[in-house]
Amino acid sequence: MKIGILTFHWAANHGAILQSYASARYLADLLPDSDVRIIDYVPATQEMSFLNLLRPRHPRAMLARFKAYAKGRRLDKFRHGLPLTTRFSSAAALKRGMGDLDLAFCGSDQIWNPAFTLHGEGGPTAVYYLDFCSERCTKAALSVSFGCAAFPPEAAAVAHDAIAALDAVSVREEEGVQILKDMGFSNARVVADPTSLLTTADYEALCKNVPPCREPFAALCILRKQNAETAALIEQVKTAVGLPVKDIEQTGMEDWLAAIRDADRVITNSFHCTMMCLKLHTPFTVILEKNARGGMNGRFFTLLRRFGLEDTVVADKQAAQSTLFTPDWDAVDVEMERYAATLKDYIAEVTEKAYESL
């Protein structure tokens, strides 16, 4: 069986790449006689070309692009090991080149965010809803995220028919189920993030060549520039932790995982950094997003409620000290198995349906 995974593997983001790796590895191990590939779709607007780096006119935006480019280059060492197809830069090219898939997954990560749906190729596109696949292909959404609490009507108009054509739909956050209900779909279910599919030993193996750090430290992984209120909150948490702080957001994959492995505590606003803390048994404190990005916070509450770890979240300065505890890792491991099973069961159902269609 020929299987394709369409996701944000191209992003300059540790979590986006790591969940891509986990999905492909799990499917390849589960179905050893199948050809499992991550579809190397990188829209022309997202290519880290010199022209795209210079496109923003505001110096601050240009600086952010150059930082993302530098981070992406560090992550390329790991990304280049992914089982990729040939490169496609447009939906039209995908339709021509990937029409022979037997099974296609879209996800995980925030592939259904309204910004990409409305502007992904310089205009509206349903490519991340698998609208390019043939009718014979079994199509499923794999733990996808909308990256928001409310989906704009104009984005829903682009996505509706392509979602209706999917054979199965799973989302990563509870808000995603409600968004889909508002669009008229009642068949979605909440499942685990793909990074749950691999074991602690799997992640330790990915950073085994990085020597352990024996000195106490806290790791800081904060995505995006934060407003003054959130920046002050982060400083409050750093003071409460009382350890030297290493900023790991710009590191390569191996160093990033090793830092999470070795840290005495992690301070983060990254969902996948939080997942790695759970996997690698590192105490953590979650910083919530503010204002327009607040719609992304649901992912943390959906995840942490399962583990009874809502108190790891810091929303204000008064809560900073209360987050400094160590979870019961035995209980976390038991719940992680249950959490991963939600996605494993879903994948088993989808692959069985695909085999029946061959």
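Glutamate 337 is exposed, with a relative accessible area of 54%. I start there, on a model that is predicted. Glutamate 337 sits in helix H13, which covers residues 329–357. Together with Asp328, Asp330 and Asp333, Glu337 forms a negative patch on the surface. As a reminder on helices in general, an α-helix has 3.6 residues a turn, so residues three or four places apart point the same way.

Next, the salt bridges. The structure holds 17 of them, and I will go through three. The general point is brief: side chains of opposite charge can pair when their charged atoms come close.

Take aspartate 109 and arginine 172. Their side chains meet in a salt bridge at 3.8 Å, N to O. This pair links distant parts of the chain, 63 residues apart: aspartate 109 is in the loop between strand E4 (103–106) and H5, and arginine 172 is in the loop between strand E6 (168–171) and H7. Are these two residues buried or exposed? Aspartate 109 is buried, because its relative accessible area is 10%, under the 20% cut-off. Arginine 172 is buried too, at 3% relative accessibility.

Arginine 172 has a further partner. Its side chain meets that of aspartate 193 in a salt bridge at 3.6 Å, N to O. Here again distant parts of the chain are linked: arginine 172 in the loop between E6 and H7, and aspartate 193 in the loop between E7 and H8, 21 residues apart. Aspartate 193 has 0% relative accessibility and so counts as buried. Which residues make up the network of salt bridges around here? They are Asp109, Arg172, Glu173 and Asp193.

The third bridge joins arginine 189 and glutamate 349, whose side chains meet at 2.9 Å, N to O. Arginine 189 lies in strand E7 and glutamate 349 in helix H13, so this pair ties together parts that are 160 residues apart in sequence. As for accessibility, arginine 189 counts as partly exposed at 30%. Glutamate 349 also counts as partly exposed, at 43%.

Helix H13 comes up once more with helix H12, residues 298–307. Why call H12 largely enclosed by the rest of the structure? Because seven of its 10 residues are buried. The buried ones are Gly298, Arg299, Phe300, Thr302, Leu303, Leu304 and Phe307. What covers these residues includes three helices that I will name one by one: H7 (174–182), H11 (271–280) and H13. The cover also includes strands E7 (189–190), E11 (284–287) and E12 (313–314). After H12 comes glycine 308, with a positive phi, near 65 degrees.

Now some individual positions, beginning with cysteine 221. Cysteine 221 is in strand E8. With a relative accessibility of 1%, cysteine 221 counts as buried. Which residues does cysteine 221 contact, leaving aside its neighbours within four places in sequence? The contacts are Ile248, Glu249, Trp256, Ile267, Thr268, Asn269, Ser270 and Cys273. For a sense of spacing, cysteine 221 and aspartate 167 are 54 residues apart in sequence and 37 Å apart in space, C-alpha to C-alpha.

Strand E8 also borders the loop that holds proline 211. That loop runs between helix H8 (200–206) and strand E8 (218–221). Proline 211 counts as exposed, at 63% relative accessibility. Leaving aside neighbours within four places in sequence, proline 211 is in contact with Arg261 and Asp262. Proline 211 and aspartate 262 are 51 residues apart in sequence, and their C-alpha atoms are 9.7 Å apart in space.

The last position is glutamate 135. Where is it? Glutamate 135 is in the loop between helix H5 (114–119) and strand E5 (138–144). At 87% relative accessibility, glutamate 135 counts as exposed. Glutamate 135 and lysine 71 are 64 residues apart in sequence and 38 Å apart in space, C-alpha to C-alpha.

To recap, briefly. Asp328, Asp330, Asp333 and Glu337 form a negative surface patch. Asp109, Arg172, Glu173 and Asp193 are linked in a network of salt bridges. Helix H12 is largely enclosed, because seven of its 10 residues are buried. That is what I have for today.

Terms used:
Residues numbered from 1 in each chain as written. Predicted model: local features only at pLDDT ≥ 70, side-chain atom pairs only at ≥ 80, totals over all residues. Heavy atoms only, no water. Patch = residues over 30% accessible without salt bridge, like charges linked within 9 Å, V, L, I, M, F, W, Y side chains within 5 Å. Areas by Shrake-Rupley, 256 points an atom, 1.4 Å probe, with all protein chains shown as cover. Salt bridge = Lys/Arg side-chain N within 4 Å of Asp/Glu carboxyl O. Lys, Arg positive; Asp, Glu negative; His and termini not counted. Charge placed at Lys NZ, Arg CZ, Asp CG, Glu CD. Helix = DSSP H or I, 4+ residues; strand = E, 2+ residues; numbered from the N terminus. Buried < 20%, exposed > 50% of the residue type's maximum accessible area, 1.4 Å probe, protein only. Contact = heavy atoms within 4.5 Å.
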